[in-house]
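Reader: I would like a close look at one part of this protein, a helix and the sheet it packs on. Please take me through its surroundings and then outward to the rest of the chain.

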Amino acid sequence: MLDLIIRGGRVVTPEGVGELDVGIQGERIAAVALPGTLEVEAARTIDATGKVVLPGGIEPHTHIGIPVPREWSGIPDAMTQPPEAASRAAAFGGVTTFIDFAGELPITPGATPSTEPILQQLEDRKNVFTGHSYTDFAFHFIMAGNVPPNMIGEIGEAIQGGAASFKIFTTFHAARCPYGHLWAIFEQVAKHGGIMAVHAEDDDVVTYMTDKLVREGNDQGHNLHLVHNNISEDLAFRKILRLAKHTETGIYFVHTTAKEGVAAIAEARSQNMPVYGEALHNYLEFTCDDYKKPNGTAIHTYPAIKFADDRDALQQGLVDGPICTTATDEYTTHKDVKLWGNTIESVCGGHNGIETRMPVTYTKLVSTGRISLERFAAITSTNAAKILGMYPQKGAIAVGSDADIVLWDPDMKKRITLDDLHADSDYSIWDGFQCEGYPIMTILRGKVIVEDGKLAGSSSNGRWLSRKIAPGVLAQPMV
Ligand SMILES: [Zn+2]
């Protein structure tokens, strides 16, 4: 007898979309079968008639439970929301796995990142989330600043230990990793089968424009896009790609923001380089004109939201390829912290987006007829699983995969209000956004964790995931 059967839904599988029944035994998918052919009993049957059955959402970019620098918050001890709150919001938004970060994010000028062994830092981070997450989780490892040689030497061991992806910054004060160090890091990551997650901006351009706007009295927050600008993304992406080509390293560009970034990724992929782009859902909706509205910098995530043609290029990139995933750069604070800084140097990055990513993406791209349900599953789940080393355990409705499933109501129309959301926050940039389609049930490894608008899971459910990237992902553009 199966534990659970989901009957009558339109199921998105690796083979396509079809009217199928999904059988679950324990934590795994045991059967995907034509209606009427799954003649076994189940402890529970869910009627999914009229609904879409999708692989559970994978959110590849979050910053949960970390200190907010005083330069952004004005107070000494602000933190982004803790794992319980973030994973609860995730579960309501159809997300069953997120990838956060281990290692420090030293945004404060002059900060010195920890030199604790990578595996120790990963272990410490696991301990912060274990027992406190409603969903599964993993961590990219941040390599910040002048990364010491002994830490670069630990990369192979960390990949063996399931870490798989390494985050670097080419700007951002103490987080900036110089290109010489990057060269050495890329070589180790490539050698051991990992992938680089890259925040690429040209530090010279960012520094020059910051100084210029301050000098000229134009350093208001609504000018962030003039600092973190298009030419900066163009230069930095291309420099990273040269290094990637030289070292034969796979690149995952986090938060692509400009048409120049999309073009650089597309060009690299046309040369068969294993390069993948990520877009944040606030970048699919807003433009830098919105910065000028009252409290307009609430929408800001670094680098910076740019122009209408950049937004359109990101959307098109999700439609036809170079942009492979959607993410949020989840960084949830309360409104007083988010809006405290009002200059190009003090605006707080990020927002509480983990719950809204899938419905916003669906509304903008599926309900408008621009992408298929298969592509929607790819850019909200499957591609992240493949690129970041979790496939086919995650990201697929297939026999043997974890039974991570979201039931989607394609007919539900919902105008988001703050009351609908479950983050530990008092604002949402999505307040008033009209969703055309919404998640109604979330299942994590066979266990229903959200149903009928209620939390049914426990914060002890979530588990850390060991990741290993398939060689094909690092050989050529696999998705
Ligand atoms: Zn980030």
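Author: In this predicted model, helix α14, residues 373-387, lies across five strands: β6, β10 (195-199), β11 (251-253), β12 (275-280) and β13. The helix runs at about 110° to β13.

The strands under α14 belong to an open sheet of eight, with parallel pairing, in the order β6-β7-β8-β9-β10-β11-β12-β13. Two of the strands that α14 lies across, β6 and β13, are the ones that stand at the edges of the sheet. Residues 57-59 make up β6 and residues 323-327 make up β13; each has a single partner strand, so one side of each is left without a neighbour in the sheet. From one strand to the next, the twist averages 30°.

At the β6 edge, the partner is β7, residues 95-102, which runs parallel to β6 and is joined to it by three bridges. One residue pair can be located directly: G57 has V95 in β7 as its bridge partner. Another helix, α3 (residues 118-129), lies across β7 and β8, the latter spanning 136-142. Relative to β8, α3 runs at about 145°.

Back at α14, there is also a helix neighbour to consider. Helix α13, residues 357-366, packs with α14 at an angle of about 145°, and the two axes are 11 Å apart. Their crossing is right-handed. On the α13 side the contact is made by M358, T361, Y362, L365 and V366, while α14 brings L373, F376, I379 and T380. Sorted by class, the residues of this contact are seven nonpolar and two polar, with no charged residue.

As for the rest of the chain, the protein is divided into domain 1, made of 2-55, 401-409 and 436-455, and domain 2, which covers 57-396. The centres of the two domains, taken over C-alpha atoms, are separated by 31 Å. Where the domains touch, 20 residues of domain 1 are in contact with 27 residues of domain 2. On the domain 1 side, at least two residues each come from β2 (16-25), β5 (52-55), β15 (434-444) and β16 (447-451). The largest share of that side, six residues, is supplied by β15. By class, the domain 1 side has 13 nonpolar, four polar and three charged residues.

Conventions: Residues are numbered from 1 along each chain as its sequence is written. This is a predicted model: local features need pLDDT of at least 70, side-chain atom pairs count only at pLDDT 80 or more; totals for chains, interfaces and linings use all residues. Two strands pair if DSSP finds at least two bridges between them. Helices (H or I, at least four residues) and strands (E, at least two) are DSSP runs, numbered from the N terminus. Axes are lines fitted to C-alpha atoms, for helices over the stretch in contact, and angles run from 0 to 180 degrees between N-to-C directions. Two residues are in contact if their C-beta atoms, placed from the backbone, lie within 7 Å. Domain bounds come from an automatic or database domain assignment. Ala, Val, Leu, Ile, Met, Phe, Trp, Tyr, Cys and Pro count as nonpolar, Asp, Glu, Lys and Arg as charged, and the others, Gly among them, as polar. A crossing is left-handed if the near helix is turned anticlockwise from the far one by less than a right angle, and right-handed if clockwise.
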